[in-house]
Every structure is written in C-alpha cells, then in structure tokens.
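Good morning, and thank you for the opportunity to present. I would ask you to keep the structure in view while I speak.

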Amino acid sequence: MAVLDIIEIPDERLREQSERVAEFDDALKEQTRDLFDTLRATKGIGLSAPQAGIFKRIILVHVPDDDFGERLYINPEILSKSKSRYVQESCLSVPGIEGNVVRCTRLKVRAQDINGEVKEFDVDGLHAVCVQHELDHLDGVLFTDRLSWFKKLRLKMASGPNAGLSRAA
Ligand code: ZN
C-alpha cells in the first residue's frame, strides 16, 4: 500500500498535459493500486493521476453509495453529453475553495480498463460530474479556471496593487 502526496496549487505541475497510457503492464497495475490507496486515504470522490505526480491519462471515481461503485478510467474520452447545470465542486489540489461550475449530469464515456480493453460507460449524477472534473486535470485544467470570480481574483492579484485596477471587472 502506498498513499501518494497530492500536488496542490500553485504547483505548476498541475498545468501539465498528461500522456496517454500505452503500456498495460505490471507497473501500470502498481500505479493504479497506489492511486486507489491514495483516493481512499483522502476520502475524496475522485482522483486523477497527475494530482499524485503521475502524468498519465488515468482517473478514478468513487462516489459512496451510488450505483457505479469504484471506477477506473484509462485514456478516458467523453462521447456524448446531456444538458448542463451548475454543480458545487471542490478539489483536493485546491484546498479550501468551493464553487459552482457548469457540468453535464449525464455522459457516455469511452475508456480502457487495466488490461487495455476499450469499454463504454453511461454515467450520471455526481459520478458524471466527477468524471468531467478529473478529465480536466489530465489537460492541466482546474475547476477554478471555470469560476469567473476566481479568475478575476487571480488577475487582480497578478496585476499587483499599483497596476491601476481599482476593482476586478
Ligand atoms: Zn480536482
């Protein structure tokens, strides 16, 4: 069992583009086991490999008590989406921040399993929302990027106190 450290902002590694998994070998199985150990230890509902310093397209989702159980998606792609709505989110890599993000609540996802077999999944509810959140991590996107007020705050901070912006706009 290995619980990995979670990378937190402002660590720039969270902005990396993760690579597709090509080798479905024992090393991948071990990394996946470590990621599940890490997810269980954090008591989160989802984890992407890059949050734990593994820059591969692997996500884990486990919403307690839903019908989908503990799921592993390797090289995930969203094939189709339903209409969207605002959902409150937070992130293990962005401690202390919550915000409402627009997400689809029903998805068809294509992904590979631990043996490289391609499968399609229909998911909904919080599980579907979590898939989108974790998939964003694989492309270096954080949920805060989707919060207009957070972006404005960062812009203001980046511009400094003397930059002439009396208020974020
Ligand atoms: Zn996250």
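**A salt-bridge network and its surroundings**

Let me begin with a group of four charged residues: Glu89, Arg103, Asp136 and Arg146 are joined in a network of salt bridges. Please bear in mind that we are looking at a predicted model.

Within this group, consider Asp136 and Arg103, whose side chains form a salt bridge with an N to O distance of 3.1 Å. This pair connects distant parts of the chain, since Asp136 belongs to helix α2 (residues 125–138) and Arg103 to strand β5 (residues 94–104), 33 residues apart. Are these two residues buried or exposed? Asp136 has a relative accessible area of 10%, so this residue is buried. Arg103 has a relative accessibility of 3% and therefore also counts as buried. The cut-off applied here is that a buried residue has under 20% relative accessible area.

Over the whole structure, the search finds 12 salt bridges. I shall describe two others.

The side chains of Glu70 and Arg40 form one of them, at 3.0 Å from N to O. Here too, distant parts of the chain are linked: Glu70 lies in strand β3 and Arg40 in helix α1, with their positions 30 residues apart in the numbering. Glu70, with a relative accessible area of 36%, is partly exposed. Arg40, at 46% relative accessibility, is likewise classed as partly exposed.

The other joins Arg13 to Asp11, where the closest N and O atoms are 2.7 Å apart. Arg13 is partly exposed because its relative accessibility is 38%. Asp11 is partly exposed as well, at 26%.

I turn now to the metal site. Which protein residues act as donors to the zinc ion? They are Cys91, through SG, and His133 and His137, each through NE2, at 2.1 to 2.2 Å from the ion. Along the chain, these donors follow the spacing C-x41-H-x3-H. Cys91 in strand β4 (residues 84–91) and His133 in helix α2 are 42 residues apart, and the pair links distant parts of the chain. Cys91 is buried, as its relative accessible area is 10%. His133 is buried too, with a value of 7%.

Since a cysteine has just been mentioned, a word on disulfides is in order. A disulfide is a covalent bond between the sulfur atoms of two cysteines. How many does the structure hold? The count is 0. Cys130, for instance, takes part in no disulfide, and the nearest cysteine sulfur, belonging to Cys91, is 9.6 Å away. Cys130 is buried, with a relative accessible area of 4%. Cys104, at 8% relative accessibility, also counts as buried.

Finally, let us return to helix α1, which covers residues 26–42. Its 17 residues, at 1.5 Å a residue, should span 24 Å, and the end C-alpha atoms are indeed 24 Å apart, so expectation and model agree. Buried residues of α1 include Leu28, Leu35, Phe36 and Leu39, and among them are also the polar Thr32 and Thr38 together with Asp34 and Asp37. Where do the buried residues of α1 pack? Their partners are the strands β1 (46–48), β2 (58–62) and β3 (70–81). Just beyond the helix, Lys43 adopts a positive phi of about 60 degrees.

That concludes my presentation, and I thank you for your attention.

Notes: Residues are numbered from 1 along each chain as its sequence is written. This is a predicted model: local features need pLDDT of at least 70, side-chain atom pairs count only at pLDDT 80 or more; totals for chains, interfaces and linings use all residues. Side-chain values use heavy atoms; hydrogens and water are left out. Helices (H or I, at least four residues) and strands (E, at least two) are DSSP runs, numbered from the N terminus. The expected span of a helix is 1.5 Å times one less than its number of residues. Buried means under 20% relative accessible area, exposed over 50%, partly exposed in between (1.4 Å probe, protein chains only). Contact means heavy atoms within 4.5 Å. Donors are N, O and S atoms within 2.8 Å of the metal (3.2 Å for Na, K and Ca); water is not among the atoms, so sites may look incomplete. A disulfide is a pair of cysteine sulfur atoms within 2.5 Å.
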